[in-house]
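Good morning, everyone. Please look at the sequence and the model on the screen. I will walk you through the fold, then the core, then the charged pairs.

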Amino acid sequence: MADCDRTLIIGTGKQVDLLLTQLATSKEKHTVMGLVDSGTNRSKITIQDISVVGDLTEINTLLTSLKVKRLIIAANLTTEKKLQN
């Protein structure tokens, strides 16, 4: 949909499941392009049919290649991981 913001979500935990449910009922429309794992665990995680598309080391590339307009952080990132990026 043209009027939807292309969104990328950092996180793969239970909070992401809750966030996706909230986004589905929100007045603001989002097209969730994928999830970013806060670690380098490249497991095949899918939450509500949204898959992990990369990890934090790939965030800049993902933002550009997926033409993301919004980035939502739904993870408890450690200070170390925040500072690395």
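**Strands, core and salt bridges**

Let me start in the sheet. Strand β1 and strand β2, residues 30-37, run parallel and are joined by six bridges. Two strands count as paired if DSSP finds at least two bridges between them. Strands here are DSSP runs of E with at least two residues, helices are runs of H or I with at least four, and both are numbered from the N terminus.

A word on the source. This is a predicted model, where local features need pLDDT of at least 70 and side-chain atom pairs count only at pLDDT 80 or more, while totals for chains, interfaces and linings use all residues. Residues are numbered from 1 along each chain as its sequence is written, and side-chain values use heavy atoms, with hydrogens and water left out.

Now the overall plan. There are three helices and five strands. Along the sequence the pattern reads β-α-β-β-β-α-β-α. The five strands make an open sheet with mixed pairing, in the order β3-β4-β2-β1-β5. Why do β3 and β5 each have one side without a neighbour in the sheet? They stand at the edges, β3 at 46-47 and β5 at 70-73, and each has a single partner strand, so one side is left free of a neighbour.

Back to β1 and β2. Within that pair, T7 stands opposite V32 in β2. Helix α1, residues 14-25, joins in: β1, α1 and β2 make a right-handed β-α-β unit. Right-handed means that, with the strands pointing away from the viewer, the path from the first strand over the helix to the second runs clockwise.

On to the other pairings. β1 also pairs with β5, in the parallel sense, over four bridges. There, I9 has I72 in β5 as its bridge partner. β2 and β4 run parallel too, with three bridges. V36 is matched with G54 in β4. The antiparallel case I want to show is β3 with strand β4, residues 50-55, over two bridges. T46 stands opposite S51 in that pair. β3 and β4 form a hairpin with two residues between them, and Q48 in the turn has a positive phi of about 50°.

Next, the inside. How much of the protein is buried? Of the 85 residues, 36% are buried. Buried means under 20% relative accessible area, exposed means over 50%, and partly exposed lies in between, using a 1.4 Å probe and protein chains only. Strand β1, residues 5-10, is mostly covered, with five of its six residues buried.

The largest nonpolar core has eleven residues, including I9, V32, L35 and V52. Such a core is a set of buried Ala, Val, Leu, Ile, Met, Phe, Trp, Tyr and Cys residues joined through side-chain atoms within 4.5 Å. α1, β2 and β4 are the elements that give two or more residues to this core. The largest share, four residues, comes from α1. Take L19: leaving out residues up to four places away in sequence, L19 touches I9, I72 and A74. Contact here means heavy atoms within 4.5 Å. A second, separate core has nine residues, among them I59, L62, V68 and A75.

Last topic: charges. How many salt bridges are there? The count is three. The rule asks for a side-chain nitrogen of Lys or Arg within 4 Å of a carboxyl oxygen of Asp or Glu.

D5 and K69 form one of them, at 3.9 Å, N to O. D5 lies in strand β1 and K69 in the loop between α2 (59-65) and β5, so the pair ties together parts 64 residues apart in sequence. Is D5 buried or exposed? D5 counts as buried, at 17% relative accessibility. K69 counts as exposed, at 63%.

D5 also meets R70, at 2.5 Å, N to O. R70 is in strand β5 and D5 in strand β1, so this pair ties together parts 65 residues apart. R70 is partly exposed, at 33% relative accessible area.

R70 meets E28 as well, at 2.7 Å, N to O. E28 sits in the loop between α1 and β2, 42 residues from R70 in β5. E28 is partly exposed, with a relative accessible area of 43%. Through shared partners, salt bridges join D5, E28, K69 and R70 into one network.
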